[in-house]
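Visitor: Could you take me on a close look at one part of this model, the site around the ligand? I'd like to know what lines it and what lies around it.

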Amino acid sequence: MVENSLDAAELAGMLPDVYVRIVPNDPSAENLNQEPKAYRVTVADNGPGVDPHHVPRAFGKVFYGSKYVLRQSRGMFGMGGTMAILYGQITTNRPVKITTSTDGKSRHIFEMLIDISENKPIILRKDTEEGAGKTGTRVDVILEGDFTRSAQKINEYFKQTALVGSYANLTFVDPIGRITTYERATESMPSAPKETLPHPHGVDVEALKRMIKITEEKNMLRFMGNKHFHRVGETNAKKFLQFAGVDGKIAPEKLSNEQIVKVVDALQRYPEFLPPDATCLSPVGEQILTTGIIKELLPEFSTVVLRPPSSYSGFPFLVEVGLVYGGKVLEPGRKLFRFANRIPLLYDESNDVSFKVVNEEIDWRRYHVPDEAPIAVITHICSTKVPYKTVGKEYIADRPEIEAEIRNGVREALRRLSVFLSKKGSMEASQRKMNIYAKYLPLIAQFSTGLAGLKKEPRYKQLIREEQEEAEEIKQEAAEEAEKAIQGDKIIEQTTIEDYR
Ligand SMILES: Nc1ncnc2c1ncn2[C@@H]1O[C@H](COP(=O)(O)OP(=O)(O)OP(=O)(O)O)[C@@H](O)[C@H]1O
Ligand SMILES: [Mg+2]
């Protein structure tokens with residue numbers, strides 16, 4: 001539900017404010033220590049609201065969603081919010097309450113159950129009240145849960161959501177009334193992703209049949225080359241149809257099942273389609289991610305790498321990598337934060353492609369990063385179709401194209417970290433050397449002068465001065481390197497998504 005709220009606000013170009021509260025549904029004293037028990041979960045947002053005509057289906061029907069279009073968003077399947085509601089219904093048999101306003105003037109209130117056998121909403125209450133001057137949606141679900149057991153994951157979820165969403169205000173009130181706020185630290189939001197057409201490499205038999213059913217084009221040449229497929233124009237359509245052995249004059253709906261399968265096979269194999277462009281993607285970007293890292297992790301060093309867009313099976317994707325070292329929050333050891341379309345992935349880490357790259361493919365010793373160094377690796381995969389291995393959005397399959405991009409991103413970030421660490425190391429070493437000389441040389445000079453029976457001490461001060469000069473030089477070099485690294489970052493910052501279009 002939090003993801004739905006963030007999606008709704010962001011897609012409408014509004015800076016999100018999301019409020020979440022979990023309270024025991026029956027706050028009587030004897031019930032309080034018992035787990036699991038019924039909780040009321042409230043998620044409220046300042047988004048655009050939901051048109052009252054859509055409310056029953058959006059919240060009372062599985063597989064109903066507004067996000068089936070090809071464009072990056074957290075939602076994909078039309079079942080996330082509805083499943084939460086259904087879970088409440090099967091554990092407590094209480095209806096969900098939706099309060100929503102699209103204009104601030106009036107507010108619509110629905111209480112509903114889902115008819116599971118028919119997959120349709122049963123509306124128990126429908127009212128309209130005067131609005132409070134603000135748009136937005138509030139969902140109240142009563143569900144059974146064990147907060148004691150889930151608290152850690154819930155808190156982790158918010159922390160990580162704040163890490164990639166430093167432009168959002170998040171408030172969480174837990175069952176004992178503790179309020180945690182993650183405050184907005186930047187007013188800039190990632191640029192809104194555009195809707196795109198399906199790329200021919202990503203079209204399967206069912207998808208092609210659906211397209212044929214709704215098309216108004218009268219022949220295959222027009223169907224292929226006119227606004228049904230991403231980046232396919234008339235010339236390439238003609239060449240493709242030759243390649244596929246299909247007559248351009250035939251009407252799409254006249255294709256037999258066999259011919260459809262043949263076309264799909266050719267769509268996937270034809271080598272001359274242009275790669276998908278990335279206007280439908282919306283990475284977090286260096287500035288917003290760095291703001292989140294500084295706010296949540298207070299690091300000694302951090303860097304963000306934005307990889308250029310790529311594609312797998314016709315779906316565009318793009319990888320962002322953040323690398324964080326030291327500071328006030330990280331503990332010794334390596335931590336991995338995984339995100340897909342800005343959703344934190346909290347479960348099944350060891351099955352995820354990022355885990356494989358970070359822990360099995362990267363040779364950390366090559367970058368002189370000790371195992372116990374306090375490090376966090378952040379990986380963010382943006383795509384119109386994230387290859388989750390499950391509908392629970394827990395972990396991502398190791399598609400070789402995605403794996404390669406994560407690997408390149410982590411390596412680039414590690415190169416920058418190792419420059420920082422080696423400069424830091426040599427600066428510390430020369431400082432230590434200086435301290436020792438400064439402490440002992442005068443004493444050695446004094447004793448050896450006495451031992452040798454001389455009157456005048458040797459000129460050791462010159463030696464110290466030379467060492468000091470060398471230390472100063474190293475410091476200067478480090479500063480120059482750091483400057484260069486920052487310039488490197490700036491270049492990455494300039495190659496925004498705009499440049500790839
Ligand atoms: N807070 C909200 N504000 C506006 N619209 C919402 C909100 N919550 C849900 N919706 C609408 O309800 C639909 C169904 O939500 P649901 O979470 O079930 O599916 P989804 O987000 O499309 O996909 P997924 O299953 O991947 O989450 C959404 O597509 C959206 O149109
Ligand atoms: Mg959803």
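Guide: Here is a walk through the ligand site, followed by the sheet and two backbone oddities.

A quick note on the ground rules: this is a predicted model, where local features need pLDDT of at least 70, side-chain atom pairs count only at pLDDT 80 or more, and totals for chains, interfaces and linings use all residues. Residues are numbered from 1 along each chain as its sequence is written, chains are lettered from A and ligands numbered from 1 in the order in which they are written, and side-chain values use heavy atoms, with hydrogens and water left out.

So, the site. Ligand 1 is surrounded by 21 residues, with S66, M76, M79, G80 and K393 the closest; a residue is near a molecule or strand if one of its heavy atoms lies within 4 Å of it. By type, that shell splits into eight nonpolar, ten polar and three charged residues (Ala, Val, Leu, Ile, Met, Phe, Trp, Tyr, Cys and Pro count as nonpolar, Asp, Glu, Lys and Arg as charged, and the others, Gly among them, as polar). At least two shell residues come from each of α1 (2-11), α2 (55-60) and α3; helices (H or I, at least four residues) and strands (E, at least two) are DSSP runs, numbered from the N terminus.

Now for the N and O pairs. K393 puts a polar side-chain atom 2.6 Å from an oxygen atom of ligand 1, while D45 has one 2.8 Å from a nitrogen atom of the ligand. F77 joins in through its backbone, with an N or O atom 2.9 Å from a ligand oxygen atom. Taken alone, ligand 1 exposes 600 Å², and the protein buries 92% of that (Shrake-Rupley areas with a 1.4 Å probe).

Helix α3 (residues 80-92) also leads us to the sheet: α3 lies across β2 (37-45), β3 (96-101), β4 (106-115) and β6 (136-145), at about 40° to β6. Contact means heavy atoms within 4.5 Å, and axes are lines fitted to C-alpha atoms, for helices over the stretch in contact, with angles from 0 to 180 degrees between N-to-C directions. The sheet itself is open and mixed, eight strands ordered β5-β4-β3-β6-β2-β1-β7-β8; strands pair if DSSP finds at least two bridges between them.

As for the oddities, N93, in the loop between α3 and β3, has a positive phi of about 60° although it is not a glycine. E35 and P36 are joined by a cis peptide bond, with omega about -5°, and P36 sits in the loop between β1 (17-24) and β2.

Definitions and conventions. Polar contact = N/O pair within 3.5 Å; in protein donor to acceptor, adjacent residues only side chain to side chain.
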